[in-house]
Amino acid sequence: MAADAGFKDADQVRFATAISELTQNAFRYGKGGICEINVHSDGFKTAIRARICDQGPGIPNLDQALSDGFSTGGSMGLGLPGVKRLVDKFKIKSQPGKTEVEIVIFIKPRIGVTDL
Amino acid sequence: MKIPILRLGKILLTSFQEGLTDRDIIDLQYDLLDMVNKTEIEGVIIDVTALDIVDSYLANLLNDTARMVKILGAEVVISGIQPFVALTLVEIGQGALEVRTALNLEHGLGMLNCTVENNKPVMRKLKKYKKNARNRISN
């Protein structure tokens with residue numbers, strides 16, 4: 001989908017990697033869920049957006065989950081903060097029974113560290 | 001799906017591919033450790049040319065697998081990391097893979113062959129020592 005929307009290889013891989021991270025989280029910690037992807041263009045810029053929802057127990061401490069090195073699964077803890085660095089927009093909401101992550105990548109030249 | 005491990009003398013060659021399950025990777029780790037131990041392997045090369053996407057979970061698995069083999073005393077090289085995979089790994093923050101990397105399989109094998117060559121004088125001395133020890137015991 002990203003390729004069809006005109007994204008370059010690097011952005012395709014970025015997007016695919018982010019989706020991979022988030023859907024794995026939804027599956028491993030969230031007892032499964034759904035992933036919606038859509039492409040939106042307003043003539044000036046094109047954005048590909050993904051929304052991943054799961055029905056898991058939720059993340060009790062979001063700040064902690066979004067910091068490097070924190071993990072409840074025995075891994076290095078770079079999953080969520082890593083995804084945040086990979087994409088242009090990152091939104092997360094979590095409560096017991098539902099966690100929702102939304103990410104967006106725009107087509108644009110990457111000059112440096114983007115504001116999130 | 002069992003992942004093949006090929007043996008080239010003192011070196012083992014295996015690969016990670018798309019569509020691997022957790023079970024496949026655990027089995028691979030067991031098989032690798034078993035072979036390294038039983039056949040006195042000195043180097044293991046894990047080729048990841050087929051991986052277009054590596055997320056932090058997979059990067060952890062690669063690191064863990066390499067760490068396990070290194071604890072047994074064998075050298076490990078990961079070869080064939082794709083350019084955009086390297087890019088995303090650094091952006092995620094996983095830029096520090098704990099293991100030596102090689103551009104491709106050929107380079108990786110070259111690196112490990114060097115290790116095997118360097119080990120030879122030590123291995124010869126060890127053989128001599130063992131032989132002398134056996135002779136001393138039998139006398």
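Q: Why is A:Arg14 called buried?
A: In this predicted model, A:Arg14 has a relative accessibility of 5%. Buried means under 20%, so A:Arg14, at 5%, counts as buried.

Q: What makes the contact of A:Arg14 with B:Glu91 a salt bridge?
A: The side chains of the two residues meet with 2.6 Å from N to O. A salt bridge requires a side-chain nitrogen of Lys or Arg within 4 Å of a carboxyl oxygen of Asp or Glu, and 2.6 Å therefore satisfies the cut-off. The pair also crosses between chains: B:Glu91 belongs to helix α3 (residues 83–92) of chain B, and A:Arg14 to helix α1 (residues 9–28) of chain A. In general, side chains of opposite charge can pair when their charged atoms come close.

Q: Why is B:Glu91 called partly exposed?
A: The relative accessibility of B:Glu91 is 21%. Partly exposed lies between the limits of 20% and 50%, so B:Glu91 counts as partly exposed.

Q: How do you know that A:Glu100 and A:Lys98 form a salt bridge?
A: Their closest N and O atoms are 3.3 Å apart. This value is within 4 Å, and the pair therefore counts as a salt bridge. As for accessibility, A:Glu100 is buried at 11%, whereas A:Lys98 is partly exposed at 39%.

Q: What makes B:Arg67 and B:Asp64 a salt bridge, and where do they lie?
A: The closest N and O atoms of B:Arg67 and B:Asp64 are 3.4 Å apart, which is within 4 Å and so meets the definition. Both residues lie in helix α2 (residues 56–71) of chain B, three residues apart, or about one turn of the helix. B:Arg67 is partly exposed at 38%, and B:Asp64 is partly exposed at 30%. Elsewhere, salt bridges that share partners link A:Glu36, A:Arg51, A:Lys93, A:Lys98 and A:Glu100 into one network.

Q: How many salt bridges does a search of the whole structure find?
A: Over all chains, the search finds 14 salt bridges.

Q: Why is B:Glu40 called exposed?
A: B:Glu40 has a relative accessibility of 54%. Exposed means over 50%, so B:Glu40 counts as exposed. B:Glu40 lies in the loop between α1 (22–38) and β3 (43–47) of chain B. Leaving aside residues up to four places away in sequence, B:Glu40 touches B:Lys10 and B:Met35.

Q: What makes the lining of the largest cavity nonpolar?
A: The lining consists of B:Val48, B:Val54, B:Ala59, B:Leu62, B:Ile81, B:Val85, B:Leu89 and B:Leu97. Val, Ala, Leu and Ile count as nonpolar, so the classes come to eight nonpolar, no polar and no charged residues. Helices α2 and α3 of chain B each supply at least two residues of this lining.

Q: How many cavities of 30 Å³ or more does the search find?
A: The search of the whole structure finds one cavity of 30 Å³ or more. The largest cavity has a volume of about 40 Å³.

Q: Which elements make up chain A, and in what order do they run?
A: Chain A has three helices and four strands. From the N terminus on, they follow the order α-β-β-α-α-β-β.

Q: What percentage of the residues of chain A count as buried?
A: Of its 116 residues, 40% count as buried. The surface that chain A exposes is about 6,600 Å², of which carbon and sulfur atoms supply 54%.

Key
Residues are numbered from 1 along each chain as its sequence is written. Chains are lettered from A and ligands numbered from 1 in the order in which they are written. This is a predicted model: local features need pLDDT of at least 70, side-chain atom pairs count only at pLDDT 80 or more; totals for chains, interfaces and linings use all residues. Side-chain values use heavy atoms; hydrogens and water are left out. Buried means under 20% relative accessible area, exposed over 50%, partly exposed in between (1.4 Å probe, protein chains only). On a 1 Å grid over the protein atoms alone, a cavity is a set of points where a 1.4 Å probe fits but cannot get out, and a pocket is an open set with protein on both sides within 12 Å along at least five of seven lines; lining residues have an atom within 4 Å of a point. Grid points are joined across faces, edges and corners, and a volume is the space filled by probe spheres set on the points. Accessible areas come from the Shrake-Rupley method with a 1.4 Å probe; for residues, only the protein chains shown count as cover. Contact means heavy atoms within 4.5 Å.
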